[in-house]
Amino acid sequence: MTDDKDIWDGFRSGDESSLQIIFDRYYTPLFNYGHKFTQDDHIIEDALQDLFVKLWKQRESINATESVKNYLYKSFRRVLLRMLDIQQRKYSFLVLDQWMDADQELAYDQTMISRERLETIRTNLGRALEKMTPRQREIIHLRYYEEMEYEEIAALMQISVSSTYKLVYKAIDVLRTYLSKTDLLILTAVISLKKI
């Protein structure tokens with residue numbers, strides 16, 4: 001049983017091993033997504049625990065879904081934002097380090113890009129991300145790091161699909177202000193390699 005929908009149906013029927021598969025498959029991506037809202041690992045872990053406990057308790061009343069990933073991201077976002085709202089009444093995004101971890105060495109860095117060039121890209125990316133709104137940073141993460149479709153992002157962020165396109169365009173416009181076309185291509189390649 002590897003298809004998300006089959007596993008979801010198994011979980012909804014009370015199969016604990018299906019819940020374990022969902023947990024194993026989505027814990028890390030959801031944890032990473034949580035860093036777009038807060039740097040506090042404990043809050044993210046608490047939100048994830050709450051999410052999976054609630055899912056298990058409410059499994060019989062949960063409907064089938066076309067996208068398990070979208071359902072989980074949307075549910076996790078709601079739980080985490082509620083927690084953050086209770087704790088601090090606002091949330092902040094982790095800007096640069098979540099996009100390119102300075103401590104992580106990639107073979108690509110050393111063979112195709114000089115350290116100086118990569119550092120310049122990091123600096124310019126940091127400036128661009130600082131100029132973006134929190135929603136622009138979130139949408140860039142969802143579109144290019146999580147590779148979500150515009151419809152999925154719209155549902156997750158609770159905005160229209162046309163607003164999603166506009167938000168992505170505005171975020172990319174900010175990136176273009178600080179990064180050359182070549183640097184944007186290098187950045188895309190580095191992000192892709194980090195997901196392998």
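**Helix H7, the nonpolar core and a pocket**

Arg143 is found in helix H7, which covers residues 134–145. The model is predicted, and every value reported here is computed from it. Beyond its neighbours within four places in sequence, Arg143 contacts Met148, Glu149, Tyr150 and Ile153. With Tyr150 the contact is also polar: the two side chains come to 3.4 Å. Val168 lies 25 residues from Arg143 in sequence. In space, the C-alpha atoms of Arg143 and Val168 are 8.1 Å apart.

H7 also contributes to the largest nonpolar core. This core has 47 residues. Leu30 and Phe76 have the most contacts inside it. Helix H1 (4–12), H2, H3, H4, helix H6 (115–131), H7, helix H8 (150–157) and helix H9 (161–178) each supply at least two of the core residues. H4 provides the largest share, with eight residues.

The surroundings of Leu30 were examined next. Residues up to four places away in sequence were not counted. Leu30 touches Leu48, Leu51 and Phe52. Leu30 also touches Leu72, Tyr73 and Phe76. Leu30 and Phe76, the two residues with the most contacts inside the core, are thus in contact with each other.

The loop between helix H2 (16–34) and H3 holds Thr38. Thr38 is buried, because its relative accessibility is 6% and the cut-off for buried is under 20%. The side chain of Thr38 reaches the backbone nitrogen of Asp40 at a distance of 3.1 Å.

Attention then turned to open space in the model. The second largest pocket has a volume of about 160 Å³. Its lining is made up of Leu51, Lys54, Leu55, Gln58, Ile62, Tyr71, Ser75, Arg78, Val79 and Arg82. Five of these residues are nonpolar, two are polar and three are charged. Helix H3 (41–57) and helix H4 (68–88) each supply at least two lining residues. H4 gives the most, with five.

Leu51 and H4 link the pocket to the core description. Leu51 lines the pocket and is also one of the residues touched by Leu30. H4 gives the most residues to the pocket lining and the largest share of the core.

Terms used. Residues numbered from 1 in each chain as written. Predicted model: local features only at pLDDT ≥ 70, side-chain atom pairs only at ≥ 80, totals over all residues. Heavy atoms only, no water. 1 Å grid on protein atoms, 1.4 Å probe; cavity = no way out; pocket = protein on both sides within 12 Å on 5 of 7 lines; lining within 4 Å. Points joined across faces, edges and corners; volume = space filled by probe spheres on them. Helix = DSSP H or I, 4+ residues; strand = E, 2+ residues; numbered from the N terminus. Nonpolar A, V, L, I, M, F, W, Y, C, P; charged D, E, K, R; others polar. Buried < 20%, exposed > 50% of the residue type's maximum accessible area, 1.4 Å probe, protein only. Polar contact = N/O pair within 3.5 Å; in protein donor to acceptor, adjacent residues only side chain to side chain. Contact = heavy atoms within 4.5 Å. Core = buried A, V, L, I, M, F, W, Y, C linked by side-chain atoms within 4.5 Å.
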